Amino acid sequence: MGPAPAGAQHRAAAGDPEVMELALEDTCQEGKKEYSKKCTLVGSPVESLLQPVKLSQAELYKEPTNEELNRLRETESLFHSSLLRLQVEELLKEVRLSEKKKERIDAFLREVNQRVLKVPSTPKTQLTDQTWLPAGVRVPLHQVPYTVKGSFCFLPPAQVTVVGSYLLGTCVRPDINVDMAVTMPKELLQDKDGLNQRYFRKRALYLAQLAHHLGQDPFFGSVRFSYTNGCHLKPSLLLRPHGKDERLVTVRLHPCPPPDFFRLCRLLPSKNNVRSAWYRGQSPPGDGIPEPPTPHYNTWVLQDMALESHVQLLSTVLGSALGLKDGVALLKVWLRQRELDKGLGGFSGFLVSMLVAFLVSTRKIHTTMSGYQVLRSVLQFLATTDLTVNGISLCLSSDPSLPALADFHQAFSVVFLDSSGCLNLCADVTASTYHQVQHEARLSMALLDSRADDGFQFLLMTPKPMIRAFDHVLHLHPLSRLQAACHRLKLWPELQDLGGDYVSAALGSLTTLLEQGLGSRLHLLAHSRPPVLEWDISQDPPKHRDSGTLTLGLLLRPEGLTSVLELGPEANQPEAADFRQFWGFRSDLRRFQDGAIREAVVWEAASMAQKRLIPHQVVTHLLALHADIPDTCVHYVGGLLDALIQSPKEASNTKGHMVVSQSGELVMVPNVEAILEDFAILGEGLVQAVEARSERWTV
């Protein structure tokens, strides 16, 4: 305890090349006897290691300083153990940016700012007249339908500002992304650009002009397009440095309108901004029927308007509170290890930061808390709060014209409003994703409360992909089948709201369908999020089916899993018709021992292994019946260890033979060859199971 004595400090300073040469060459001189006494004459590399410092008894039992006492108190009250504190501190050191890298990134950002402001203007044309575009660049947006009103001309941005986690000091390695908001001039936009994707068309054309000129600049090593959080209506431009710094940082340019350009009352979740006559080429059925609302479309416009206000809010809350920033960094690592922050609808680091701001405003988190305390507080809140039922809001205004939380619950699965009271931050988060976040938060809290020695390793250091987190996993491929599913499920309003994204439109209905069919067998159903794709500026944007494979994970309950019977209502009940409609030809009338006549579904399963795979039958039947997805498009992964469990049954039954001992008792003499044969069969079954698992993964 206490600081090292002066002699020890002097010895540490004396470990310079001079002293080491004396030790290695064994040529200590008389004029430096005080140094030579501390040098060990070595004959091998092992002996040349530095020896521990010898302390006197007074120095060894010296009283701890006030700083050391405060650190011990903090460790006792804020952490479970000193080891956990050291682990958290070392992790934060690893994920933080060094000052040298920050200086290089800042220099790159200044160059980006100057070059973006120098992009030349273009003449004014109609939105549909895109002949002015150079041949080496494509519009990063699917323009369907192509015909749209409005005009466009490129003008230099009014402002270029850095937004996001880099400015706040909460970005984490290894992938450093810096978001820059490129504010388009007011002269470029019109009041009705919020209608029929006009704003998004202008936004995409603005990016195309930026990409053309920045792509010709040798200062940049890579200029590519991508989707903002996986939203195909909101592309962004990715800029990377040239040469050895190519992997240093990725700058993402986000065009946005001036603040408060669009009226908030027109972008509420109950409003429609995509007309059916324009999108579908026909009016809504029936006279007097209102247009369907477009809550997601409206939200994406609001997100661009609120970029700077959100950064200002987070900057005010986080400020100089290092503990809050550490907590946000730990939460980002927690989400990344569980793959919960990727793609459209992911629970991103931005959402976590805003959630910390909400908990600070409600005094559930204090600015003096440590990063570990912030992590625990947020996980506890997520584990105990269901935002699919009771939403939360950062808005403190009592304006009666603002919509209520109930209005947002009708339009979105998860509700978390920002300070304006009009923007749902969790608009793209599905109920399945949030329930998965809740489930992982409960497991993490149980792990922290157990005070296990390896809790830190499991919590923040161990990757947990979907294949590890769920009992059964199914892959839907190709994704083009979901387009037919949207037609079968009559999801025209959802397609109109999401701009034709049939993967996102069908996802909610499919998860609801499977949850209803699996019933008590299911504990949790979650889905993967489509990855964020990148493409060259000279290529067309990827289509929805290019996202690869949609993966669904099933976490099953042991109770009722092996039941072969789905018991329905009695035949004379009105619910019987709904049961027959849901299960289709699988539903039959059956008489039971108690004399009741009920609708029921019986699954074919002879062995226990087949009973454990009844969810496979349920999934394939319902997807084919209601979503027009054949079983050839459903690649189901489950029950891979059944072959291994059944392998010993095929082994030799001759384990030994009975003999009579000297005392007259029957004794079994083991058959060593048969036992070795059983082990060989067991090993072959294990290899086959692993190979089958690998083959099923590569769908």
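This is a short talk on the pockets, cavities, aromatic rings and a few unusual backbone spots of one protein model.

Okay, hi everyone. Before anything else, please keep in mind that this is a predicted model.

Let's start with empty space. Rolling a probe the size of a water molecule over the atoms shows where empty space is left. I'll talk about one pocket and one cavity.

The pocket is the second largest one, and its volume is about 790 Å³. How many residues line the second largest pocket? There are 35, and the ones nearest its centre are His-296, Ser-413, Glu-494, Ser-504 and Gly-508. If you want to find them on the screen, look at the helices. α11 (295-305), α16 (405-411), α17 (431-450), α21 (492-497) and α22 (502-518) each put at least two residues into that lining. Which helix gives the largest share? That's α22, with nine residues.

What about the chemistry of this lining? Sorted by class, the second largest pocket has 17 nonpolar, 13 polar and five charged residues around it. And in terms of domains, at least three of the lining residues come from domain 2 (292-464), and at least three from domain 3 (471-564 + 603-645).

Now the cavities. Searching the whole structure turns up five of them at 30 Å³ or more. The largest cavity has a volume of about 160 Å³. Its lining is made of 14 residues, and Gly-230, Asp-501, Pro-530, His-544 and Ser-547 are the ones nearest the centre. By class, that lining splits into seven nonpolar, five polar and two charged residues. So where does the largest cavity lie? Both domain 1 (93-258) and domain 3 (471-564 + 603-645) give residues to its lining, so the cavity lies between those two domains.

Right, on to aromatic rings. Over the whole structure, the search finds 19 aromatic pairs. One of them is Phe-219 with Phe-220, an edge-to-face pair with 5.3 Å from centre to centre and 80° between the planes. These two are neighbours in numbering, so it's worth asking of each: buried, partly exposed or exposed? Phe-220 has a relative accessible area of 7%, and buried means under 20%, so Phe-220 counts as buried. Phe-219 comes out at 25%, so it falls in the partly exposed class.

Phe-219 has another partner too. The charged end of Arg-115 sits over the Phe-219 ring, 4.2 Å from the ring centre.

There's a second edge-to-face pair I'd like to show you, Phe-582 with Trp-583, at 5.1 Å centre to centre and 90° between the planes. Here Phe-582 and Trp-583 are both buried. And if you like groups of rings, have a look at Tyr-199, Phe-200, Phe-261, Phe-262 and Tyr-297, which form one aromatic cluster.

Last part: some backbone details. First, cis peptide bonds. Val-144 and Pro-145 are joined by one, with omega about -5°. Pro-145 belongs to the loop between β1 (125-126) and β2 (151-152). Another cis bond links His-477 to Pro-478, with omega about 0°. Where is Pro-478? Pro-478 is in a loop as well, between β10 (472-476) and α20 (481-489).

Next, positive phi angles. Gln-197 isn't a glycine, yet its phi is positive, about 65°. You'll find Gln-197 in the loop between β4 (177-183) and α9 (198-215). Is Gln-197 buried or exposed? Buried, because its relative accessible area is 2%.

Asp-628 is another residue other than glycine with a positive phi, near 60°. This one is in the loop between α25 (614-626) and β17 (634-637). With 33% relative accessibility, Asp-628 counts as partly exposed.

One more residue before I stop: Ala-469, in helix α19 (residues 466-469). Ala-469 is buried, at 15% relative accessible area. How many Å separate the C-alpha atoms of Ala-469 and Leu-554? They are 9.0 Å apart, although their positions lie 85 residues apart along the chain in numbering terms.

That's it from me, thanks for listening!

Terms used
Residues numbered from 1 in each chain as written. Predicted model: local features only at pLDDT ≥ 70, side-chain atom pairs only at ≥ 80, totals over all residues. Heavy atoms only, no water. 1 Å grid on protein atoms, 1.4 Å probe; cavity = no way out; pocket = protein on both sides within 12 Å on 5 of 7 lines; lining within 4 Å. Points joined across faces, edges and corners; volume = space filled by probe spheres on them. Helix = DSSP H or I, 4+ residues; strand = E, 2+ residues; numbered from the N terminus. Nonpolar A, V, L, I, M, F, W, Y, C, P; charged D, E, K, R; others polar. Domains from an automatic or database assignment. Phe/Tyr/Trp six-rings, centres within 6.5 Å; stacked < 30°, edge-to-face > 60°. Buried < 20%, exposed > 50% of the residue type's maximum accessible area, 1.4 Å probe, protein only. Lys NZ or Arg CZ within 6 Å of the ring centre and 35° of its normal.
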